[in-house]
Amino acid sequence: MDKILVTGNNGSVGRTLTRLFDQKNIKWVGTDGYDLTERMDTKALFVKNPNISQVVHLASVQNSDPAVFSKNTRMVENILEFMQSYLVKRRLLFLSSNTVYGNLSYINRKYNVDRLNKISEEAVETDVTIPTSNYGASKLACENLIRVATLQNKIESVILRSSAIVGPETRFGA
């Protein structure tokens with residue numbers, strides 16, 4: 001039976017999502033014990049679970065890690081490589097971040113962005129992306145890696161840009 005690979009299954013979004021999967025009898029596999037920044041660990045995960053049909057990539061390294069950019073992009077590179085080798089459906093949902101936009105007030109003034117939503121500081125997908133942190137830059141780079149793989153017809157993808165997600169499963173400082 002097909003399973004969905006959920007990276008970051010121990011995070012607040014991952015725990016909530018996998019609980020929902022369990023309630024709906026959707027089979028899933030997590031990434032416990034695997035370092036997705038390591039190519040061979042990522043390969044071992046796909047080899048051990050040949051029935052993965054889709055990937056929900058929620059895992060990321062946060063800003064407090066000095067290697068945030070390289071680790072986050074390496075995870076996506078590894079996942080994309082082994083999705084192409086081992087998956088039939090090759091579907092990826094990627095949780096990005098609104099940090100790809102950087103400082104919206106500054107960007108809108110500097111680039112004289114004409115937007116329908118001029119009063120709000122809410123981002124829209126067509127806004128200029130100028131990340132102001134390594135985390136934001138890593139998420140934008142990951143989005144671009146995924147877009148290239150999608151444009152080359154190697155995978156189907158959905159990219160979600162969220163702000164901070166807070167709920168009953170949120171662990172602050174984790």
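Student: Why is Gln62 called partly exposed?

Tutor: In this predicted model, the relative accessible area of Gln62 is 37%. Buried would need under 20% and exposed over 50%, so 37% puts Gln62 in the class in between.

Student: Where is Gln62 found, and what makes Val68 and Tyr135 its contacts?

Tutor: Gln62 lies in the loop between strand 3 and helix 3. A contact requires heavy atoms within 4.5 Å, and Val68 and Tyr135 meet that condition with Gln62 once neighbours within four places in sequence are left aside. The pair Gln62 and Tyr135 spans 73 residues along the chain, with the C-alpha atoms separated by 6.4 Å.

Student: How do you know that Asn153 belongs to another exposure class than Gln62?

Tutor: Asn153 has a relative accessible area of 70%. That value is over 50% and therefore counts as exposed, whereas Gln62 at 37% is partly exposed. Asn153 is found in the loop between helix 5 and strand 5.

Student: What is the sign of phi at Asn153, and which residue in the loop between helix 3 and strand 4 has a positive phi although it is not a glycine?

Tutor: Phi of Asn153 is positive, near 60°, in a residue other than glycine. The residue in the other loop is Arg90, with a positive phi of about 55°. Arg90 has a relative accessible area of 29% and is therefore partly exposed.

Student: Why does Arg74 count as partly exposed?

Tutor: Its relative accessibility is 31%, which is neither under 20% nor over 50%, so the middle class applies. Arg74 lies in helix 3 and is in contact with Leu36 and Thr37, leaving aside neighbours within four places in sequence. Arg74 and Glu38 are 36 residues apart in sequence and 7.8 Å apart in space, C-alpha to C-alpha.

Student: How do you know that helix 3 has the span expected of it?

Tutor: Helix 3 has 19 residues, and the expected value at 1.5 Å a residue is 27 Å. From first C-alpha to last, helix 3 reaches 27 Å, close to that expectation. For helix 5, with 18 residues, the reach is 25 Å, close to the 26 Å expected.

Student: Which residues of helix 3 and helix 5 are buried, and what covers them?

Tutor: Buried means under 20% relative accessible area. Among those that pass in helix 3 are Val68, Asn72, Met75, Ile79, Phe82 and Met83. Their cover includes strand 1, helix 2, strand 3, strand 4 and helix 5. In helix 5, the buried residues include Tyr135, Leu140, Cys142, Glu143 and Ile146. The cover there includes helix 3, strand 4 and strand 5.

Student: What makes a set of residues a nonpolar core, and which residues have the most contacts inside the largest one?

Tutor: The members must be buried, of nonpolar type, and joined through side-chain atoms within 4.5 Å. The largest set has 24 residues, and those with the most contacts inside it are Phe46, Val55 and Met83. Helix 2, strand 3, helix 3, strand 4 and helix 5 each supply at least two residues of this core. Helix 3 gives the most, with seven residues. In soluble globular proteins, nonpolar side chains tend to be buried together.

Student: How many residues are in the second core, and which residues does Met83 touch?

Tutor: The second core is separate and has six residues, among them Ile4, Val6, Leu58 and Leu95. Met83 touches Phe46, Val55, Arg90, Arg91, Leu92 and Ile155, not counting residues up to four places away in sequence.

Student: What is the crossing angle of helix 2 and helix 3, and what is its handedness?

Tutor: The axes come within 10 Å and cross at roughly 35°. The crossing is right-handed. Helix 2 contributes Arg39, Thr42, Lys43, Phe46 and Val47 to the contact, and helix 3 contributes Asn78, Ile79, Glu81, Phe82, Met83 and Tyr86. By class, that contact has six nonpolar, two polar and three charged residues.

Student: What pattern does the protein chain follow, and what share of it is buried?

Tutor: The pattern along the sequence is β-α-β-α-β-α-β-α-α-β, with five helices and five strands. Of the 174 residues, 37% count as buried.

Note on methods:
Residues are numbered from 1 along each chain as its sequence is written. This is a predicted model: local features need pLDDT of at least 70, side-chain atom pairs count only at pLDDT 80 or more; totals for chains, interfaces and linings use all residues. Side-chain values use heavy atoms; hydrogens and water are left out. Axes are lines fitted to C-alpha atoms, for helices over the stretch in contact, and angles run from 0 to 180 degrees between N-to-C directions. Helices (H or I, at least four residues) and strands (E, at least two) are DSSP runs, numbered from the N terminus. A crossing is left-handed if the near helix is turned anticlockwise from the far one by less than a right angle, and right-handed if clockwise. Ala, Val, Leu, Ile, Met, Phe, Trp, Tyr, Cys and Pro count as nonpolar, Asp, Glu, Lys and Arg as charged, and the others, Gly among them, as polar. Buried means under 20% relative accessible area, exposed over 50%, partly exposed in between (1.4 Å probe, protein chains only). The expected span of a helix is 1.5 Å times one less than its number of residues.
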